[in-house]
Amino acid sequence: MTYRILFVVVFLAFAKAMTAQSQEQVPSIATLDVSLMHGTILQHNPDISHLITEHPKGVLLSYNRKTFGENEWESRYGFPDWGFSAAYQDMKNYNLGEAYSAYAHYNFHFFNRNLQFRVGQGLAYMTKPFDVETNPQNNAYGTTITSSTYLVANYRKENIYKGLGFHAGASIIHYSNANVRAPNNSTNTWFFNAGLNYTLNRDEIPEYKIWEKRGYTEPIGINAVARLGFNESDFRGSGQYPFYDFSVYADKRINIKSSLHTGVELFVAEFLEEYRDYVANSFPEQGIDGSENFQRVGLLIGHELHLGKTSVLSQFGYYIYQPIEFESKFYNRLGLQRRLTDNIFASVTVKAHGAKAEGVSLGIGYRFDKVFNSKSEKL
């Protein structure tokens with residue numbers, strides 16, 4: 001239970017950090033949204049086919065705070081909104097039950113702000129998780145608390161009549177506990193959604209501040225990151241164990257929005273030791289004899305998308321040392337990173353092999369930015 005509390009605290013800290021992205025020099029202009037959703041659970045894994053019955057329904061409530069360019073990154077991204085949202089989903093399946101979720105999100109706007117794209121990350125409470133006695137059919141969620149990600153693409157018109165507007169589009173909601181406990185086949189629900197929005201303080205809307213475009217680059221920095229999480233192998237009941245990821249990578253800021261990464265990582269996953277011993281004893285035909293090292297070493301490349309002090313990480317790697325064959329040789333990592341000081345940062349990331357999550361981790365890192373050059377280059 002401790003790791004769940006810690007994850008919630010870190011998630012709330014990232015959500016709180018989002019509210020600090022915009023300075024308080026402009027009026028607080030926000031919108032309230034309500035959306036009704038109707039959809040279907042996608043069969044991304046044949047093991048959950050028995051859980052797909054009727055069409056799920058749901059409600060999505062959102063608070064969106066507008067930005068107007070007080071920070072340079074806001075202008076660069078077309079003045080996105082940040083906000084918080086909550087969702088209710090009836091899975092329309094007795095074994096899956098219902099889901100209540102809360103998120104922090106960003107809205108990005110295109111085509112004269114008529115098209116809105118949203119990405120949200122948060123936590124969900126599942127009313128009927130797997131239970132070996134009372135709910136053995138639910139092989140999608142092994143825990144009551146899961147992580148959740150959702151995407152929305154909407155046609156949106158605001159302030160059509162006295163602040164009231166309309167939006168409609170499509171969305172997808174993903175629930176998974178990131179292999180904290182088996183089973184964890186997860187679900188992805190595709191929705192059609194439509195609803196109303198209302199603009200607050202609409203008489204005080206300021207002008208957008210357009211920042212002059214400029215080139216920007218920084219010298220190469222070296223990052224050292226330690227990550228911690230808990231997970232379980234796919235063998236249900238094998239137990240939850242901590243894992244530790246240690247990364248050293250170089251980053252190069254190539255413009256206002258992007259940095260590129262390359263480096264090396266060490267993975268110490270104790271669940272693999274339990275997995276090794278179980279397979280060696282139960283399935284000797286697989287060629288594992290129990291003496292293999294459960295540690296792994298990988299090479300990574302990646303990208304960091306900067307949104308002020310918050311950034312979105314996407315990294316891809318290849319194991320150059322993997323004595324125990326588990327999943328594939330390739331892995332990927334996605335998540336959020338927040339700069340706490342000029343050199344110290346924290347992160348919440350999910351490591352996976354393709355679409356199959358291995359674990360969610362909390363990380364702390366230090367960036368050595370004066371290794372090659374003490375000054376940033378601004379072009």
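**Loops, cores and contacts in a predicted model**

Arg 113 is found in the loop between E4 and E5. The model that holds this residue is predicted. Phi of Arg 113 is near 65°. That is a positive value, and the residue is not glycine. Arg 113 counts as partly exposed, because its relative accessibility of 23% falls between the cut-offs of 20% and 50%.

A second loop residue shows a positive phi. Lys 92 has a phi near 55°, again in a residue other than glycine. Lys 92 sits in the loop between strand E3 (81–90) and E4. Its relative accessibility is 28%, and Lys 92 is therefore classed as partly exposed. A cis peptide bond was also assigned. It runs from Ala 182 to Pro 183, with omega near 0°. Pro 183 belongs to the loop between E7 and strand E8, which covers residues 187–200.

The overall fold was examined next. The secondary structure of the protein comprises 3 helices and 16 strands. The radius of gyration is 22 Å, and the globule rule gives 21 Å for 379 residues. The two values are close, so the protein is as compact as a globular protein of that length. The C-alpha trace spans about 70 × 60 × 30 Å along its principal axes. Half of the chain is covered: 50% of the 379 residues count as buried. Contacts between residues at least 6 apart in sequence were sorted by separation. Of these, 64% join residues at least 24 apart.

Surface and charge were computed for the protein as a whole. The exposed area is about 18000 Å². Carbon and sulfur atoms supply 61% of that area. The protein carries 36 positive and 37 negative charges. The mean positions of the two sets lie 9 Å apart.

Buried nonpolar residues were then grouped into cores. The largest nonpolar core has 19 residues. Those with the most contacts inside this core are Met 91, Leu 96, Met 126, Tyr 141, Ile 173 and Tyr 175. Several strands supply at least two residues each to the core. They are strand E1 (30–41), strand E4 (98–110), strand E5 (115–126), strand E6 (145–161) and strand E7 (164–176). Another core lies apart from this one and has 12 residues. Among its members are Val 268, Tyr 275, Val 279 and Ile 324.

Strand E7 also holds Gly 165. Gly 165 is buried, because its relative accessible area of 4% is under 20%. Neighbours within four places in sequence were left aside when its contacts were listed. Gly 165 is then in contact with Lys 157, Glu 158, Asn 159 and Ile 160. Gly 195, Leu 196 and Asn 197 are also in contact with Gly 165. Gly 165 and Tyr 198 are 33 residues apart along the chain. Their C-alpha atoms are separated by 6.0 Å.

Phe 271 lies in helix H3, which runs over residues 270–282. Its relative accessible area is 2%, so Phe 271 is buried. Beyond its neighbours within four places in sequence, Phe 271 is in contact with Asn 231, Glu 232 and Ser 233. Tyr 241, Phe 326 and Glu 358 are also in contact with Phe 271. Asn 201 lies 70 residues from Phe 271 in sequence. The C-alpha to C-alpha distance for this pair is 53 Å.

Ser 258 is found in strand E11, residues 258–269. Ser 258 has a relative accessible area of 11% and is therefore buried. Outside the four places on either side in sequence, Ser 258 is in contact with Lys 252, Arg 253, His 303, Glu 304 and His 306.

Ser 28 was taken from a loop. That loop joins helix H1 (2–19) and E1. Ser 28 counts as partly exposed, because its relative accessibility is 34%. Not counting residues up to four places away in sequence, Ser 28 touches Arg 65 and Asn 201. Ser 28 and Ser 291 are 263 residues apart along the chain, and their C-alpha atoms are separated by 61 Å.

How values were computed: Residues numbered from 1 in each chain as written. Predicted model: local features only at pLDDT ≥ 70, side-chain atom pairs only at ≥ 80, totals over all residues. Heavy atoms only, no water. Helix = DSSP H or I, 4+ residues; strand = E, 2+ residues; numbered from the N terminus. Rg over C-alpha atoms; globule rule 2.2 N^0.38 Å. Buried < 20%, exposed > 50% of the residue type's maximum accessible area, 1.4 Å probe, protein only. Contact = heavy atoms within 4.5 Å. Areas by Shrake-Rupley, 256 points an atom, 1.4 Å probe, with all protein chains shown as cover. Lys, Arg positive; Asp, Glu negative; His and termini not counted. Charge placed at Lys NZ, Arg CZ, Asp CG, Glu CD. Core = buried A, V, L, I, M, F, W, Y, C linked by side-chain atoms within 4.5 Å.
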